[in-house]
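Please open the model in a viewer and keep the selection panel at hand. The tour below proceeds one selection at a time.

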Amino acid sequence: MNIFVFCAPLVIGKGGMERTAVNVANYFSRQGVNVVVGFMADNNLTEPAYELDKKITKLPWIRSNANDFRSYRNLILNYNIDCAINFGASWQSMKIAAIFFGTGVPLINHEGSNPGRIISTNWAKPRKISIEKAQLERRILHAQSSGIRVTLPDYLNSVADDLRPRAFAFPNAFTSTCSVSTNVGKYSSKRIINIGGLKKHKNIAFLFEALALIKDRHSDWVLDIYSGLRHTEHVNEMKSLLHKLGLTNMVIFHGEVADVDKCYEAASIHVITSLEEGLSSSVAEAMVHGLPSIGINTCNGVRQLIKHGQNGFLVDPENPEVLAKYLDLLMSDGALRQKLGVSALDDSKIFEPDNVYKSWDNIVNSSVEFMTQQKKNVREVSGTSNYIYNDEALRLHKLLFGKAFVELLDRYYEIPGYGVFDRTRKQYLMVNKATNRKIVIFASGNLFNIGGLQRSYQFLVNHLINCGHSITLVGWEVEGGRHDNLAYPLNPRTRVKFVPHALNKTGFLGVSAILRDIKPNLAVIINSTQDSLMFAASCVENNVPYIQSIRGSYDYCLKYLWESKHIMSLVFMGALRSHVLMASYKQAFADSIKDKTAVIPSPIESATSFAHPGKPGPDGRFVILYSGRFSFEKRINILIDAFSAIKDKYPEWDLWLYGNGPLKDSLIDLVKSLDICNRVRFGVAENTDEMYKIYPAVHIKALPSEQEGCPMAMREAMAHGVPPIAFNSCSGANEIITHNYDGILVESESCASGDFAQGLETLIANPSFRYEMGRKAIITCQRFKPEVINHKWDLLVREAFEKDGEEYDGFVEARRAISKIAARGRYRKTYIFEQNEDLFSRYKIQYLTIYGARLFDVIYYLECYPDVKMAGSDPLLHYISQGWRFGYNPSKEFDTNLYVRKHMLNQGDMCPLFHFYTEGVFEGAWPIEVDDDYYIKRPGRKRSNEYSLENDRFFDVVVLDPSFKGANAQ
């Protein structure tokens, strides 16, 4: 079972309602229930004042986003909540009711104060409405509740007759963590205790006035007030009153304390002077500790607990002399304190947790059953997957209060059109769960390797199966790979199929065969490369709608992974829906694609233990961590150089490099050349679990990458409370990190390693800064939890089903073009370019001369000059007409500028490559290789043979046999 508990002020202070909410949450958690606790929080204050069970998930609602009901609602519903409990005592409870309105989740509203105060002080006054209107709104709130919980039997009278069967009255649970004594020694203490008295409505001045009347008789007594001190103006007023009354030495303001039980045990009298209380926590706590209490006889939440003359005294709120009289009586007679205290302890049995939590079990079960019965009283609306109530009495009741509730949300609470109810049909419809659909997921990458991409498949596949869909995961064939030895285990109901990694007719036919066999309702293509084209073609030819998903930034994917902008656009245009990881990636597309693209980050697992970035490890040392692939785009050499530059200044710091990849050996050589082997550790984590053991031991997460998609390792470290550092130009990282809030973003204009070193120093030199950033990083990463991300995928898939059959701008044309490509059977080295006809006519001879020659490498040109790829221009025509003038190189094997300087000093306005093929080669000129790091970044593109005329198809080279004498020789 999954239960959501919400208590708005949980981080503000240690009040009675907050303590009750935490106790209830902890109880259910310890019973094996999955508990999620929500509360209002500021960015810099997100930890509840009371300790929650470690298994409980905390879900803060950040105040700066307090008006974003939909987002917080989606976060909650990601946890598949079976029952929700709201701890509130004001009109603010309407917000939580709004969140659950129409979801089918039973909601219990706990009222933590007396009804009179709720309606007047907490509802009518802040809303500036009449008492009568506040009562009506509260009744509407009750009508939306499956259960109503009040703390005292008298409060049931304030619940409408027709709603009272759903209302339960029982006290909160109270117990002591200390051993409670009732011997004479306990009551010899000369200390009076008051809890929470410095809040404005607690009427503490009345107690001061009474105490002043008897101070001379009991100058050896002390009044201890344990209360939050944030109401500064009121606290200062009370301090002035103490000084005026001569009580400065008799009264101590302690502030809030972690262990209040010890405070009760140190006292022998409890006093509460509040005029309004729901069920007074401090009276109940005092009773549990065997203390007599003095309270106000008009305060309902106090007088129902204190029995005058039996376990304490009740006094008139207008007469401090009466309070002074009973104070004097108790302070003067230890035996009386003991007698009343023992009686109070005996009366406290009503607060025993076993009894109280049985009542909580009852109200939860009752509320769930109530909602179950409601769902039985609905019928399916013809032709839809929605429900409408059909039981006459229930229908009238729900439509009456449902309509009133929605109108309240619109008019007074500024939540227009809220909920999943279809108001355009003039009915309030309860959305049913999606029906079973067949979905094929085409996965990129090696499914047998450990990695973030592979882990995300596990999250997505398992979630969609749990939603009732039939899932087939299709991956590339790998030698020795089987469906039962994948890197990450999948739900056993998952069908796994493999196809040869052949981007040709054979691959197309293999994918098509799977689609014809399964007949899916939807395909999801998760592939950031032009390989997507073959899967899209298979879907188009087999009439299967698809979602196209890329896992890198738009710029990175286009630069390195797609050969043509127009091919990439075709695949996205032909998709029913599309997906990217970060918001900025969506903006690069045309509006027609942008409008149907969802932004969903990849998920990360929640942390179970956390780092202490402000403190050294057990060995007294600090650690900077890089974890990820050792490849060119990660630029790990920059991190190593930066660390080397500051290592002597910070001798207690080490650098850990965890991962694997093609550059590992060169990075080890770099560390050796810098003579820092004793400060740098290379390691490998075989799986996520191993990395999750490493993160809590480090202090900074470094990411020097050029580009990222949605950096998983960085977010995993942040989830463990490790502050990150990255370049502000790094896509993905720069949309996750907020500079100087939850991490550092380094600006770099020239010396990348020097700039990164300065950023590292900022974190290294400020342990408290690291600590605060780490705490905020944990909050940042809550939006990447699997439940949150899976729910967004669920919505995207559901939307795709709903939109199937609709046509979008360019949709039909794109699918026709994909069909033509499919007919050719080529998916790699397939390009679509815009060709300027006038420009082509002008350079036609040069174009046709160079076309197909080895020294013009289309892939190299488009990767090195992304402006050409972004423009969608014909790369060869671009080079001939203007690229060479910019110094662009047509391939790794031909340096434009060096060729011009060496072979074309007075040749005028001629394309250097055209000169080589038409004149230079016959005059002894030879291409000069470009001196860049292209082959380091792209080792797979290095040619196996050096350039020669024989392997350039421009030349038709004929090698003559030396014995050849001529055609007419005899």
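Begin with leucine 625 and lysine 701: in strand β27, lysine 701 is the bridge partner of leucine 625. Select next the two strands concerned, β24 (residues 622-629) and β27 (residues 700-703), which pair in the parallel sense over 2 bridges. Two strands are said to pair if DSSP finds at least two bridges between them; helices (H or I, at least four residues) and strands (E, at least two) are DSSP runs, numbered from the N terminus. The model is a predicted one, in which local features need pLDDT of at least 70 and side-chain atom pairs count only at pLDDT 80 or more, whereas totals for chains, interfaces and linings use all residues. Residues are numbered from 1 along each chain as its sequence is written, and side-chain values use heavy atoms, with hydrogens and water left out.

**The six-stranded sheet**

Extend the selection to the open sheet of 6 strands, whose order is β26-β25-β24-β27-β28-β29 and whose pairing is parallel. β26 (680-683) and β29 (744-746) are at the edges; each has a single partner strand, so one side of each lacks a neighbour in the sheet. From one strand to the next, the twist averages 25 degrees. Angles here run from 0 to 180 degrees between N-to-C directions, and axes are lines fitted to C-alpha atoms, for helices over the stretch in contact.

Now add helix α22 (residues 636-646), which packs on this sheet and touches β24, β25 (653-660), β26, β27 and β28 (724-727). The direction of α22 makes about 165 degrees with that of β25. Contact means heavy atoms within 4.5 Å.

**The seven-stranded sheet**

Which strands make up the open sheet of 7 strands? Select β19-β18-β17-β20-β21-β22-β23, in that order, with parallel pairing. Its edge strands, β19 (495-499) and β23 (597-599), each pair on one side only. The twist from one strand to the next averages 20 degrees in this sheet.

Within the sheet, strand β17 (residues 438-443) runs parallel to strand β18 (residues 470-476), and 5 bridges join them. Isoleucine 441 can be picked out here, opposite leucine 473 in β18. Helix α17 (residues 532-541) packs on the sheet, with contacts to β17, β18, β20 (522-526) and β21 (546-549), and its direction makes about 170 degrees with that of β20.

**Two helix pairs**

Keep α17 selected and add helix α30 (residues 811-824): the two pack at an angle of about 110 degrees, their axes 9 Å apart. α17 is therefore roughly perpendicular to α30, a term that covers angles of 65 to 115 degrees. Leu533, Ala536, Ala537, Cys539, Val540 and Glu541 of α17 meet Arg815, Ile818, Ser819, Ile821 and Ala822 of α30.

Move to helix α27 (residues 752-764) and helix α28 (residues 767-780), whose axes come within 6 Å and cross at roughly 90 degrees. Thr762, Leu763 and Ile764 of α27 make the contact with Pro767, Phe769, Arg770 and Met773 of α28.

**The loop between β7 and β8**

Select tyrosine 187, which is placed in the loop between β7 and β8. Is this residue buried or exposed? Tyrosine 187 counts as buried, at 2% relative accessibility; buried means under 20% relative accessible area, exposed over 50%, and partly exposed in between (1.4 Å probe, protein chains only). Leaving aside neighbours within four places in sequence, its contacts include Ser181, Ser268, Pro292, Arg337 and Val342. Tyrosine 187 and leucine 291 lie 104 residues apart in sequence and 8.7 Å apart in space, C-alpha to C-alpha.

Serine 189 is found in the loop between β7 (167-169) and β8 (191-195). Serine 189 is buried, with a relative accessible area of 15%. Not counting residues up to four places away in sequence, serine 189 touches Trp221, Ala266, Ala267, Ser268 and Arg337.

**An exposed helix residue**

Go on to aspartate 354, in helix α13 (residues 353-376). Aspartate 354 is exposed, with a relative accessible area of 61%. Its C-alpha atom is separated by 8.3 Å from that of alanine 173, 181 residues away along the chain.

**The whole chain**

Finally, display the entire chain, which has 38 helices and 29 strands. Of its 970 residues, 56% count as buried.

How values were computed: Angles under 35 degrees count as roughly parallel, over 145 as roughly antiparallel, 65 to 115 as roughly perpendicular and the rest as oblique.
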